[in-house]
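Please walk me through this structure, beginning with one residue and its surroundings and then widening the view to the chain as a whole.

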Amino acid sequence: MENMGNIDNFTRLFMVPGMNHCGGGPAMENFDALTALEKWTEENIAPDYIVGKAGKEYPDPNKEQPLCPYPKVATYIGGDKNKASSFKCK
């Protein structure tokens with residue numbers, strides 16, 4: 001790994017808590033990973049997070065939350081608990 005440098009420069013893993021194997025489950029399963037990947041490859045803007053929105057099985061359909069690159073997790077920092085801006089990846 002020493003030869004590879006900082007692997008965050010070319011790879012990131014975004015976990016979706018509550019999501020079943022291929023989708024569904026009480027999770028923030030509505031997100032746009034493709035746009036994040038396009039910005040990273042075409043504009044060299046790596047995603048710090050991807051906004052996930054509640055899926056049909058999530059108890060609150062208005063909920064949104066950041067999906068953070070592993071090992072970071074979305075941590076509530078204050079404000080409306082249904083808005084992604086009320087969380088920070090830590």
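**Around Asn-30**

Leaving aside residues up to four places away in sequence, Asn-30 touches Val-51, Gly-52, Lys-53, Ala-54 and Gly-55. Asn-30 itself belongs to the segment before helix 1, and the model in which these contacts are found is a predicted one. One part of this neighbourhood can be described at the level of atoms, for the side chain of Asn-30 reaches the backbone oxygen of Ala-54 at 2.9 Å. With a relative accessible area of 42%, Asn-30 is partly exposed, because that value falls between the 20% under which a residue is buried and the 50% over which a residue is exposed. Elsewhere in the chain, Phe-10 is separated from Asn-30 by 20 residues along the sequence, and the C-alpha atoms of these two residues are 24 Å apart.

The wider fold gives these positions their setting. The chain holds 1 helix and 4 strands, and reading along the sequence gives the pattern α-β-β-β-β. Helix 1 covers residues 33-43, strand 1 covers 50-53, strand 2 covers 64-67 and strand 3 covers 74-76, while strand 4 covers residues 87-89.

Which residues form the salt bridge, and what parts of the chain does the pair link? A search of the whole structure finds 1 salt bridge, and this pairs Arg-12 with Asp-48, whose closest N and O atoms are 3.9 Å apart. The pair links distant parts of the chain, since Arg-12 sits in the segment before helix 1 and Asp-48 in the loop between helix 1 and strand 1, with the two positions 36 residues apart in sequence. The two partners can also be described by their accessibility: Arg-12 counts as partly exposed at 25% relative accessibility, whereas Asp-48 is exposed, with a relative accessible area of 55%.

Another surface feature involves nonpolar side chains. Leu-13, Met-15 and Tyr-70 form a nonpolar patch on the surface, and together these residues have about 340 Å² of accessible area. Tyr-70 lies in the loop between strand 2 and strand 3, and, when residues up to four places away in sequence are not counted, Tyr-70 touches Leu-13 and Met-15. Tyr-70 is classed as exposed because its relative accessible area is 56%, and the class begins over 50%. Pro-59, which is 11 residues from Tyr-70 in sequence, is 25 Å from it in space, C-alpha to C-alpha.

Taken as a whole, the C-alpha trace of the chain spans about 45 × 30 × 25 Å along its principal axes. Of the 90 residues in the chain, buried residues make up 27%, and the accessible surface comes to about 6500 Å², of which 52% belongs to carbon and sulfur atoms. Among contacts between residues at least 6 apart in sequence, 36% join residues at least 24 apart.

The confidence of the prediction completes the description. The mean pLDDT of the chain is 92, and 98% of its residues reach 70 or more. Where the values are given by element, confidence is lowest in helix 1, at a mean of 96, and highest in strand 4, at 98.

Note on methods
Residues are numbered from 1 along each chain as its sequence is written. This is a predicted model: local features need pLDDT of at least 70, side-chain atom pairs count only at pLDDT 80 or more; totals for chains, interfaces and linings use all residues. Side-chain values use heavy atoms; hydrogens and water are left out. pLDDT is the predictor's confidence in each residue, from 0 to 100. A salt bridge is a side-chain nitrogen of Lys or Arg within 4 Å of a carboxyl oxygen of Asp or Glu. Buried means under 20% relative accessible area, exposed over 50%, partly exposed in between (1.4 Å probe, protein chains only). Patches are made of residues with over 30% relative accessible area and no salt bridge: like charges are joined within 9 Å, nonpolar side chains (Val, Leu, Ile, Met, Phe, Trp, Tyr) within 5 Å. Accessible areas come from the Shrake-Rupley method with a 1.4 Å probe; for residues, only the protein chains shown count as cover. Contact means heavy atoms within 4.5 Å. A polar contact is a pair of N or O atoms within 3.5 Å; within protein, one must be able to donate a hydrogen and the other to accept it, and residues adjacent in sequence count only if both atoms are side-chain atoms.
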